[in-house]
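Thanks for asking me to look this one over. Here are my notes, set out point by point so you can follow along with the structure open beside you.

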Amino acid sequence: MTSGGPALVWCPFPDAASAERAADILLAEALIACANILPALQSRYVWRGAPHVDTEAGVLFKTDRALLEKLIARIPALHPADEPAILGWACDAAAPATARWLGDLVATPGPAGGDVTGERS
């Protein structure tokens, strides 16, 4: 698989524990290189016609564009909600070292086509 460049996925979880579980699985499956978990966000939204206010844990997943669709397809199975809000996009720009790091997900054989090595956040 060839690197498609950096990509991000945003997904709120109902709590930090469920976000951490999903992140750990996605790291082990080499679908992401990093998950930045913001443990206490206030979300105000309309769902099925009714306004809601909740405290959630937001997660920004860092990946490679070549894995973006696989990642978006995988998250619902790891998320406690029936219909989680998942947004993904390719990055227009990134520092060269960051692009290489995320590209390593697809550069070497591994569970998702790459192997996560090293630590960054």
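**Notes on the fold and its packing**

1. Let me start with the contacts across the chain. Of those between residues at least 6 apart in sequence, 71% join residues at least 24 apart. Please keep in mind as you read that this is a predicted model.

2. On the overall layout, the chain holds three helices and four strands. Following the sequence, you will meet them in the pattern β-α-β-β-α-β-α. The chain has 121 residues, and buried ones make up 35% of them.

3. Next, have a look at how helix H1 (residues 16-28) sits against helix H2 (residues 68-78). Their axes are 10 Å apart, and the two helices pack at an angle of about 135°. That angle makes H1 oblique to H2, because it falls outside the ranges for roughly parallel (under 35 degrees), roughly perpendicular (65 to 115) and roughly antiparallel (over 145). The crossing of H1 past H2 is right-handed. If you would like to see the residues involved, Ala22, Ile25 and Leu26 on the H1 side meet Leu71, Arg74, Ile75 and Leu78 on the H2 side.

4. Helix H3 is worth a stop too. H3 spans residues 96-107, twelve in total, and runs 15 Å from its first C-alpha to its last, close to the 16 Å expected at 1.5 Å a residue. Its buried residues are Trp101, Leu102, Gly103, Leu105 and Val106. What do the buried residues of H3 pack against? Their partners are strand S1 (6-13), strand S2 (34-47) and strand S3 (50-64).

5. You may want to check the cysteines. A search of the whole structure for disulfides finds zero. Cys11 counts as buried because its relative accessibility is 0%, under the 20% cut-off. Cys91, on the other hand, has 25% relative accessibility, so it counts as partly exposed, between the 20% and 50% limits.

6. Finally, a word on Arg65, which you will find in the loop between S3 and H2. Is Arg65 buried or exposed? The answer lies in between: with a relative accessible area of 35%, Arg65 is partly exposed. Leaving aside residues up to four places away in sequence, Arg65 touches Gly4, Gly5, Pro6, Ala7 and Ala90. Gly88 is 23 residues from Arg65 along the chain, and their C-alpha atoms are separated by 9.4 Å.

Key
Residues are numbered from 1 along each chain as its sequence is written. This is a predicted model: local features need pLDDT of at least 70, side-chain atom pairs count only at pLDDT 80 or more; totals for chains, interfaces and linings use all residues. Side-chain values use heavy atoms; hydrogens and water are left out. The expected span of a helix is 1.5 Å times one less than its number of residues. Buried means under 20% relative accessible area, exposed over 50%, partly exposed in between (1.4 Å probe, protein chains only). Contact means heavy atoms within 4.5 Å. A disulfide is a pair of cysteine sulfur atoms within 2.5 Å. Axes are lines fitted to C-alpha atoms, for helices over the stretch in contact, and angles run from 0 to 180 degrees between N-to-C directions. A crossing is left-handed if the near helix is turned anticlockwise from the far one by less than a right angle, and right-handed if clockwise.
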